[in-house]
Amino acid sequence: MISIPHKTKQFLILLIKVLIVVGAFYFIYNQLANNDKLDWQKFIVLFRKNQSISGILFLLLLSVLNRYFEILKWQNLVQHIHKITVSESTKQVLAALTAGLFTPNGVGEYAGKALFFKKTETKKVIFLNLICNGIQMVVTIIFGIFGLLYFNTQFHIITSKTVLILFGICFLLFVIVFFSKKIDIKGYSIEKLIQKINEIPKNIHQRNIVLGICRYLVFSHQYYFLFLAFDVDLPYFTLMAAIASVYFLASSLPTFQFLDFAVKGSVAIYFFGILGVNEWIVVFISTLMWFLNVVIPVVIGSYYVLNFKTKEIA
């Protein structure tokens, strides 16, 4: 095995950290500066008309709460290995978010968090991060299905027959998974995964579910309040059903974190177009959601990446 000199190793780690941060900032700038669908003049006019310090602070508070619930989720799950403080959890979550910005579906986030733990704990950390993200996905799916059904009753996007077919396919997939749970592929099976999940105490799972629901309610309502700020006057349940549908469908598509607003924006344009909302408003709100909930945390996370100490991976 090739041994790398200590100084060379330090230089390579510094180079990787700088590349991660520079890459993150480049992707952020590129998306904000070169998106021809963003009409900044219209935004400035509307902002001057409706500007409110309390409104801006409220939206920023929701962004803080969004990440705070994610930080609490991670702290809660990691206690299965050993207890960490909220400060340590913040550092791990934000640094991992920065590292995962330009990887497919935030895969880099898994590696980013694992670097804060011993090598012997890597598999456990990756598994816990899978649980952390998994419960958020489940919550999004549940709210999304109800949102789609409600939205469909109002606007009849798909027929009742199509809905039954979709439920039939979902039921068939469930049956297939149930009867194939004992099938072992290279030492892995659904049954073993369930056993691993059951090894985590119930109180940790329960807290994880509650925090996941809280986080969902925060960012979905942040989306809702942004529509109100842009003078979109629609019934609460109709707007929330559209938001739930957008998050459900967008989260099922493979994407990169730095393209997150583009994917959600594309799906949102379809749903809110049905509601008669102007396309530029939908694009701007999707971009603002991305800026508030990804860009700002990544900027903070960049500090943790640059100050990451190699001794933390010992």
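Buried here means under 20% relative accessible area and exposed means over 50%, with partly exposed in between. Keep those cut-offs at hand while you click through this predicted model.

**Stop 1: the cysteines**

Select Cys-214 and Cys-132. Cys-214 has 28% relative accessibility, so this residue counts as partly exposed. Cys-132, at 0%, counts as buried. If you are hunting for disulfides, you can move on, as the structure holds zero of them.

**Stop 2: the annotated segments**

Next, color the stretches that UniProt lists, in an unreviewed entry, under "transmembrane region": residues 12-32, 52-69, 126-151, 157-179, 209-230, 236-254, 261-282 and 288-306. Two of these are worth a look on their own. Residues 52-69 are 94% helix and 0% strand, with 26 Å between the end C-alpha atoms. For residues 288-306 the figures are 100% helix and 0% strand, and the end C-alpha atoms lie 26 Å apart.

**Stop 3: the largest nonpolar core**

Now show side chains for Tyr-223, Phe-227, Ile-243, Phe-272, Val-277 and Ile-285. These residues have the most contacts inside the largest nonpolar core, which has 33 residues. To see where the core comes from, color helix H6 (122-155), helix H9 (202-229), helix H10 (236-251), helix H11 (260-274) and helix H12 (279-306), the elements that each give two or more residues to it. Which element gives the most? That is H10, with nine residues.

Zoom in on Ile-243 and leave out anything up to four places away in sequence. What does Ile-243 touch? Its partners are Ser-220, Tyr-223, Tyr-224 and Phe-272. Apart from this core lies another one, of 20 residues, and you can find it by selecting Phe-116, Phe-127, Ile-131 and Phe-308, which are among its members.

**Stop 4: helix H10 by itself**

Hide the rest and keep H10. Its 16 residues should span 22 Å at 1.5 Å a residue, and the end C-alpha atoms are indeed 22 Å apart, so the two values agree. Bring the surroundings back and H10 turns out to be mostly covered, with 12 of its 16 residues buried. To mark the buried ones, select Thr-238, Leu-239, Met-240, Ala-241, Ala-242, Ile-243, Ala-244, Ser-245, Val-246, Tyr-247, Phe-248 and Ala-250.

**Stop 5: the loop before H10**

Step back along the chain to Asp-231, in the loop between H9 and H10. Most residues other than glycine have a negative phi. Asp-231 is not a glycine, yet its phi is positive, at about 65 degrees. Is Asp-231 buried or partly exposed? At 44% relative accessibility, Asp-231 counts as partly exposed.

**Stop 6: the charged pairs**

How many salt bridges does the structure hold? There are three. Side chains of opposite charge can pair when their charged atoms come close.

Start with Glu-70 and Lys-73, whose closest N and O atoms are 3.3 Å apart. Both lie in helix H3 (residues 53-78), three residues apart, or about one turn of the helix. Glu-70 is buried, with a relative accessible area of 4%, and Lys-73 is buried too, at 0%.

Keep Glu-70 selected and add Arg-215. Their side chains meet in a salt bridge of 3.0 Å, N to O. This pair links distant parts of the chain, as Arg-215 belongs to helix H9 and Glu-70 to helix H3, 145 residues apart. Arg-215 is buried, with a relative accessible area of 11%.

Then move to Lys-113 and Glu-109, which meet in a salt bridge at 3.3 Å, N to O. These two both lie in helix H5 (residues 107-114), four residues apart, about one turn of the helix. Lys-113 counts as buried at 0% relative accessibility, and Glu-109 counts as buried at 12%. For a wider view, select Glu-70, Lys-73 and Arg-215 together, since salt bridges that share partners join them into one network.

**Stop 7: Thr-90**

Finish at Thr-90, in helix H4 (residues 86-99). Thr-90 is buried, with a relative accessible area of 17%. Setting aside residues up to four places away in sequence, Thr-90 touches Ile-71 and Tyr-304.

How values were computed: Residues numbered from 1 in each chain as written. Predicted model: local features only at pLDDT ≥ 70, side-chain atom pairs only at ≥ 80, totals over all residues. Heavy atoms only, no water. Core = buried A, V, L, I, M, F, W, Y, C linked by side-chain atoms within 4.5 Å. Buried < 20%, exposed > 50% of the residue type's maximum accessible area, 1.4 Å probe, protein only. Contact = heavy atoms within 4.5 Å. Salt bridge = Lys/Arg side-chain N within 4 Å of Asp/Glu carboxyl O. Disulfide = S-S within 2.5 Å. UniProt positions renumbered as here; feature names shortened; annotations may be inferred. Expected span 1.5 Å × (residues − 1).
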